Amino acid sequence: MLQARTSVEAGTILSGANPLTISPVALFLIQTCVIIVTSRLLTFPLKWLHQPSVVAEVLGGIVLGASCLSKIPAFKNNLFPAASMPLLKLVAELGLIFYLFLVGLELDPVELLKVFKKSVSISVAGIALPFALGCSIATVIYNEYADPTVSFVSFLLFMGISMSITAFPVLARILTERKLLHTKVGQATISAAAVDDFIAWALLVLVIALINNSKTGEGGAASYLTAVYVCLCIIAYALFLWYAIRPILRRLLVLSQDREHLNQLLLFVVFTLVLFSAWFTEIIGVQAIFGAFLVGVIMPHEHGFAVKLATQIEDLITIVFLPLFFAYSGLNTRLDLLDDGKSWGFVFLVCVIACAGKMIGCTLSARFSGLNWRESSAVGILMNTRGLVQIIVLNVGLHAGVITDKIFAMFVLMAIFTTFLTVPLIAVVYPYSCMYLQLLFI
């Protein structure tokens with residue numbers, strides 16, 4: 001008994017043990033505290049610049065990562081040792097799964113169909129031109145920095161998709177904070193971004209299926225055929241969720257209306273469905289996040305269900321889990337690899353191409369849709385917001401092996417730059433005076 005007691009005490013801070021090495025749980029908890037506090041501290045100066053919290057979270061990950069504090073051996077080896085990374089990654093990915101569920105929850109397909117005709121031209125322009133420009137520089141980047149074992153077709157498509165992304169959740173928050181959501185510009189932008197996001201995620205499923213099933217010199221046509229089968233499985237699964245599962249959820253929702261809070265059985269069904277769907281899409285060859293996203297899309301929006309559900313879980317996910325994901329992403333962001341003028345030249349090129357594709361394409365499309373030049377320019381600037389969705393897509397590409405650490409670092413900087421640029425530019429192009437005048441006459 002005494003020996004057992006002594007053994008337990010030997011593993012505590014009271015016995016002089018290092019509090020960071022007592023147990024994996026203790027290390028993970030202090031990692032979480034450091035990550036959350038770092039991102040919150042960075043929020044304060046960035047709020048003064050009217051930047052969304054996602055910029056602070058991404059920068060927080062980079063500050064803690066290999067480009068900054070983790071270059072210090074004592075910091076890296078004690079707080080973020082290599083042995084602790086699998087647990088951090090696992091929890092971060094679980095949080096990301098539920099975050100993509102929230103993203104899907106915000107996209108109501110029924111409402112999207114209503115605004116489709118109005119927003120489709122802006123959305124298509126916001127995908128087509130950036131996609132084309134992304135493909136145009138893919139050859140140069142592939143020859144300079146890509147892994148030669150990766151299929152060029154897969155790399156080309158991924159470059160196009162990564163240039164085409166608009167961060168719908170970040171954009172919605174910027175529009176709300178700037179009080180633009182109910183203006184003509186806000187309505188045009190949010191509907192176009194929703195359609196853009198939906199199309200981009202669908203294309204990304206195709207690209208990831210292709211990446212996971214076709215490598216240079218491996219499998220040939222059979223691998224491409226497997227990728228097609230994977231996409232067909234995803235389409236069939238999405239139809240199953242919409243036509244078989246969604247009616248069941250709507251029925252359960254009606255049965256729970258006589259209760260003040262959401263029925264626990266309904267919440268149990270929803271969360272189990274999110275996890276099962278994520279598991280299913282993971283095992284058939286695409287990322288788990290896509291399964292969670294699909295479940296979010298098919299959630300019924302009647303009786304304010306989607307809003308209540310988002311309210312119950314959003315704070316935990318955005319305050320705790322998302323910073324963990326960005327920290328893990330930051331630990332993989334090797335800005336020190338951009339160690340010469342040519343690398344930074346490519347960073348500049350990627351930023352210019354990304355901004356030009358979104359801003360020019362969406363601005364011209366909005367102008368042809370009937371908005372004036374000031375309003376059209378505002379739409380183009382807002383659609384250039386990439387934020388955390390871009391970071392998620394880049395992590396998918398890094399995990400799949402389609403991009404290298406150096407390319408990942410370049411595109412992370414592009415995502416930060418384009419998101420940081422949004423608020424200052426919109427303040428100049430579409431100031432509050434224009435917004436108030438428009439609201440006055442709506």
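These questions and answers cover the core, one buried serine and two salt bridges of a predicted model. Residues are numbered from 1 along each chain as its sequence is written. Local features need pLDDT of at least 70, side-chain atom pairs count only at pLDDT 80 or more, and totals for chains, interfaces and linings use all residues, while side-chain values use heavy atoms, without hydrogens and water.

Trainee: Which helix gives the largest share of the largest nonpolar core?
Mentor: A nonpolar core is a set of buried Ala, Val, Leu, Ile, Met, Phe, Trp, Tyr and Cys residues joined through side-chain atoms within 4.5 Å. The largest has 146 residues, and Trp201 is among those touching the most other members. Its largest share, 16 residues, comes from helix H9 (a DSSP run of H or I, at least four residues, numbered from the N terminus).

Trainee: Is serine 376 buried or exposed?
Mentor: Buried means under 20% relative accessible area, exposed over 50%, partly exposed in between (1.4 Å probe, protein chains only). Serine 376 lies in helix H15. Its relative accessible area is 0%, so serine 376 is buried.

Trainee: How many residues apart in sequence are glutamate 144 and lysine 342?
Mentor: Their side chains meet in a salt bridge at 2.9 Å, N to O; the term needs a side-chain nitrogen of Lys or Arg within 4 Å of a carboxyl oxygen of Asp or Glu. Glutamate 144 lies in helix H6 and lysine 342 in helix H14, so the pair ties together parts whose separation in sequence is 198 residues.

Trainee: Which lysine meets glutamate 375 in a salt bridge?
Mentor: Glutamate 375 counts as buried at 9% relative accessibility. The salt bridge spans 4.0 Å, N to O, and the partner of glutamate 375 is lysine 184.

How values were computed
Helix = DSSP H or I, 4+ residues; strand = E, 2+ residues; numbered from the N terminus.
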